[in-house]
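Subject: Structure for your files

Hello,

Here is the structure I promised to pass on. My notes on it follow below the coordinates.

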Number of protein chains: 2
Amino acid sequence: MASERKKDIVEAATKSFTFFGYKATTMDQIAKLANVGKGTIYTFFKNKDELFEDICITLIQEMKRAAEAVIDPAQSFHENVHRALFEMLAFRTKHQLAVKLFQEEKEMGTPAVTQALKKMEDAIVAYIAVQAKEAMDRNEIQQTDPQIAAFVMMKLYVTLVVDWERRGPALSKEEIAKLFELYVFKGLSR
Amino acid sequence: MASERKKDIVEAATKSFTFFGYKATTMDQIAKLANVGKGTIYTFFKNKDELFEDICITLIQEMKRAAEAVIDPAQSFHENVHRALFEMLAFRTKHQLAVKLFQEEKEMGTPAVTQALKKMEDAIVAYIAVQAKEAMDRNEIQQTDPQIAAFVMMKLYVTLVVDWERRGPALSKEEIAKLFELYVFKGLSR
DNA sequence: TTTTTGACCAAAATAACATTTTAGTCAATT
DNA sequence: AATTGACTAAAATGTTATTTTGGTCAAAAA
């Protein structure tokens, strides 16, 4: 089993990316944190970017797994969106990496980070789109472009969770869930 | 009537800000474009930033006027939002200044521009919030936080008009109106 | 042999310094 | 009283020197 070291490296790198961001994390730092010679990192990963991408892919997978753990195909799309939403709100407080990357993207615009976030966005939107399409085929929700529906949901999530904080007091999980339901499912019409 | 010159200056500055953005526009350039000595600008405006703010305030006022020209208090909130939305989509193609500032903000992060856009956002959200509040009081739409409702509408507008272009083909005015109605008023539920 | 290592190197980032550009002033001009 | 453009200090930009960092590889360790 050669990859106890690989695990150490990935763990150290994840910690460092989470605390300092992509740019401020050096390969020497990762090596030191992992108690490994720098060269060892390069036996597992071609370069810094590939190591970073590997970690991002893991993050996406974990998000997916977390969502799938609460989604019940027997339940309605509406109910599952609610469950997944709460799961993501909980996930967020645990996995600070995405939060840190979001921040680095906005205030430094590091290319590798921009690219990584784009991929995450793609994965999330694609995932929601599939669920939405299925719900439409089951005639559970209105017929509309599933890609756009997924994109709008993701953006609304960011709007309520991240953007709103700059205008008013941060919203509680319950408030976010209520508002998400209002705008995505019910609409303002009476 | 001393202010034929002031008008020239404001016109020249508006043109330059629109074509080159805030940072790439110099006071010398504005003076030359307006056929005016540079000092003259400073008899009307304390500094570059104040001149810029003045122009931004005018833009906000024009947007407000354009919206109010199509809004009919006798009509429903729903109908008025539809009208205002179309007016804004038309307005956008005319007044390229906001578009240019949006771009400069995203790719350069010029502080003065960030601040100006924040003010525009505030003005727009405040305006929509008042309309939404009135509609709620008339029991025309669901009771909810009008500030958040306004914020969500503005963000949805940006999502559909600007952000979506990076994922799929730009949406037509009609498509945008349909989607806006779907998510704000009707909701996905059947 | 295979895996690990850290001194080593080229390239990139940063700092230090020189040069140019620009916002804003004001004495002279109209 | 209004206008101007040469002028200045400060900011931006360009240039060069210095340091940092990603990535390599011959040697050491396993």
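In chain A, helices α6(A) and α7(A) are oblique to each other, a class left for angles that are not under 35 degrees (roughly parallel), over 145 (roughly antiparallel) or 65 to 115 (roughly perpendicular). Their axes cross at roughly 125° and come within 9 Å, with α6 covering residues 96–107 and α7 residues 111–137. Axes here are lines fitted to C-alpha atoms, for helices over the stretch in contact, and angles run from 0 to 180 degrees between N-to-C directions. The crossing of α6(A) and α7(A) is left-handed; that is, the near helix is turned anticlockwise from the far one by less than a right angle, while clockwise would make it right-handed. On the α6(A) side L101(A), F102(A), E104(A) and E105(A) take part, and they meet V113(A), T114(A), L117(A) and M120(A) of α7(A), where contact means heavy atoms within 4.5 Å. Five of these residues are nonpolar, one is polar and two are charged. For that count, Ala, Val, Leu, Ile, Met, Phe, Trp, Tyr, Cys and Pro are nonpolar, Asp, Glu, Lys and Arg are charged, and the others, Gly among them, are polar.

Some background on the file. This is a predicted model, in which local features need pLDDT of at least 70 and side-chain atom pairs count only at pLDDT 80 or more, whereas totals for chains, interfaces and linings use all residues. Residues are numbered from 1 along each chain as its sequence is written, chains are lettered from A and ligands numbered from 1 in the order in which they are written, and side-chain values use heavy atoms, with hydrogens and water left out.

Chain A overall: its secondary structure consists of nine helices and zero strands. Helices (H or I, at least four residues) and strands (E, at least two) are DSSP runs, numbered from the N terminus. Along the principal axes, the C-alpha atoms of chain A fill a box of roughly 65 × 40 × 25 Å.

A second helix pair in chain A is α5 (residues 77–94) with α8 (residues 146–161), whose axes come within 13 Å and cross at roughly 45°. That angle makes α5(A) oblique to α8(A). Their crossing is right-handed. From α5(A) the contact uses F77(A), L85(A), M88(A), L89(A) and R92(A), and from α8(A) it uses M153(A), Y157(A) and V161(A). By class there are seven nonpolar, no polar and one charged residues in the contact of α5(A) with α8(A).

In chain B, helix α4 (residues 48–70) and helix α6 (residues 96–107) have axes that come within 10 Å and cross at roughly 125°. α4(B) is therefore oblique to α6(B). This crossing of α4(B) and α6(B) is left-handed. F52(B), I55(B), C56(B) and L59(B) of α4(B) meet L97(B), A98(B) and L101(B) of α6(B). The contact of α4(B) with α6(B) has seven nonpolar residues, no polar and no charged ones.

Now the N-terminal part of chain A. K7(A) and E11(A) both sit in helix α1 (residues 4–20), four residues apart, about one turn of the helix. Their side chains form a salt bridge at 3.9 Å, N to O, the criterion being a side-chain nitrogen of Lys or Arg within 4 Å of a carboxyl oxygen of Asp or Glu. By this rule there are 24 salt bridges over all chains. T18(A) is also placed in helix α1 of chain A. Its C-alpha atom is separated by 8.5 Å from that of H95(A), 77 residues apart along the chain. Not counting residues up to four places away in sequence, T18(A) touches Q96(A), L97(A) and K100(A).

Finally, the two copies. A rotation of 180° with 0.0 Å of shift along its axis superposes chain A on chain B, with an RMSD of 0.1 Å; the fit is by least squares on the C-alpha atoms of residues with pLDDT of at least 70 in both. The copies are thus related as by a two-fold rotation axis. The C-alpha of chain A nearest the axis belongs to G187(A), 2.1 Å from it. Because 100% of the interface residues of chain A are also interface residues in chain B, the copies meet through the same surface.

Regards
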